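Trainee: Hi! Could we go through this one together?
Mentor: Happy to, let's pull it up.

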Amino acid sequence: KSDEEITLTDFTTHNITLVAEARYTLDDTQELLSSSPVEMMLNSDLSLNIRDEVEETEDGKEGHTIIWLLENTFHDLVNISLSADIYGDTSFDPEQLVTPAGEATYDPDTGKLVWSIENMPTSVDILPLQFVLTRNDDNPSQSQLVSKVTLHATDSVTGESMILVGDEILLGVPQVE
């Protein structure tokens with residue numbers, strides 16, 4: 001079924017058993033062919049979107065307002081961690097860091113940004129992290145500002161670990177939402 005026909009909240013369990021059947025007629029006799037059962041587990045519908053808005057700063061540099069947006073409506077999540085590497089001669093302004101949940105840390109020595117969230121209940125279906133990066137120089141050989149974002153989380157109902165990878169931020173390429 002399509003997402004217009006059913007939503008995850010309609011399910012009362014996270015385990016599904018599926019059996020496919022084919023009915024056909026052979027020599028005027030109706031036959032039935034059944035598959036072996038297929039066991040499926042429904043984990044959270046967690047998604048990660050990366051947004052980048054580029055503007056010129058007051059001092060003529062290239063400023064990037066970046067948002068990592070988590071969305072989830074099916075199961076509570078725990079032990080959530082997102083991380084990415086920031087490249088080039090870039091300034092990270094901790095004063096412009098906005099995080100409604102968890103803790104975000106940036107290590108200027110390694111260029112790694114990590115956002116850790118203890119839990120995300122389904123009552124909070126959207127969590128954003130917003131931060132600002134300023135490019136201090138225009139290196140023509142640099143093609144990437146931020147690496148792909150790696151997200152690790154645990155579905156609290158199924159106990160299953162989940163890994164998602166979000167888009168990188170490329171330089172000179174408009175970001176598509």
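Mentor: One term before we start: helices (H or I, at least four residues) and strands (E, at least two) are DSSP runs, numbered from the N terminus.
Trainee: Thanks. Which strand is R135 found in?
Mentor: R135 is part of strand β11. This is a predicted model, where local features need pLDDT of at least 70, side-chain atom pairs count only at pLDDT 80 or more, and totals for chains, interfaces and linings use all residues. Residues are numbered from 1 along each chain as its sequence is written, and side-chain values use heavy atoms, with hydrogens and water left out.
Trainee: Is R135 buried or exposed?
Mentor: R135 counts as buried because its relative accessibility is 7%. Buried means under 20% relative accessible area, exposed means over 50%, and partly exposed is in between (1.4 Å probe, protein chains only).
Trainee: And what is R135 in contact with?
Mentor: Leaving aside neighbours within four places in sequence, R135 is in contact with K61, E62, H64, D89, Q142, L145 and L171. Contact here means heavy atoms within 4.5 Å.
Trainee: How many residues of β11 are buried?
Mentor: Strand β11 covers residues 126–135, and 7 of its 10 residues are buried, so we can call the strand mostly covered.
Trainee: Which strands form a sheet with β11?
Mentor: The order is β5-β6-β11-β8, an open sheet of 4 strands with antiparallel pairing. At its edges are β5 (47–56) and β8 (90–92), each pairing on one side only. On average, neighbouring strands of this sheet are turned by 25 degrees against each other, direction ignored. For such angles, axes are lines fitted to C-alpha atoms, for helices over the stretch in contact, and angles run from 0 to 180 degrees between N-to-C directions.
Trainee: What counts as a pair?
Mentor: Two strands pair if DSSP finds at least two bridges between them. In general, strands of a sheet pair through backbone hydrogen bonds, either parallel or antiparallel.
Trainee: How many bridges join β6 to β11?
Mentor: There are 10 bridges between β6 and β11, which run antiparallel, and E71 stands opposite I126 in β11. Strand β6 (residues 62–71) is also joined to β5 by 10 bridges, with D52 opposite I66.
Trainee: What about β8 and β11?
Mentor: Those two run antiparallel and are joined by 3 bridges. Our friend R135 turns up again there, opposite T90.
Trainee: Switching topic: which strands make up the open sheet of 5 strands?
Mentor: Its order is β9-β10-β7-β13-β14, with antiparallel pairing. Strands β9 (103–107) and β14 (161–166) each have a single partner strand, so one side of each is left without a neighbour in the sheet. Here the average turn between neighbouring strands is 15 degrees, direction ignored.
Trainee: How many bridges are there between β13 and β14?
Mentor: Strand β13 (residues 149–155) pairs with β14 over 6 bridges, in the antiparallel sense. One bridge partner pair is V149 and G166.
Trainee: Back to β9: is E103 buried or exposed?
Mentor: E103, which lies in β9, is exposed, with a relative accessible area of 54%. Beyond neighbours within four places in sequence, E103 is in contact with V114, W115 and S116. E103 and W115 are 12 residues apart in sequence, and their C-alpha atoms are 5.7 Å apart.
Trainee: Last one: how many helices and strands does the protein chain have?
Mentor: The protein chain has 0 helices and 15 strands. Of its 177 residues, 30% count as buried.
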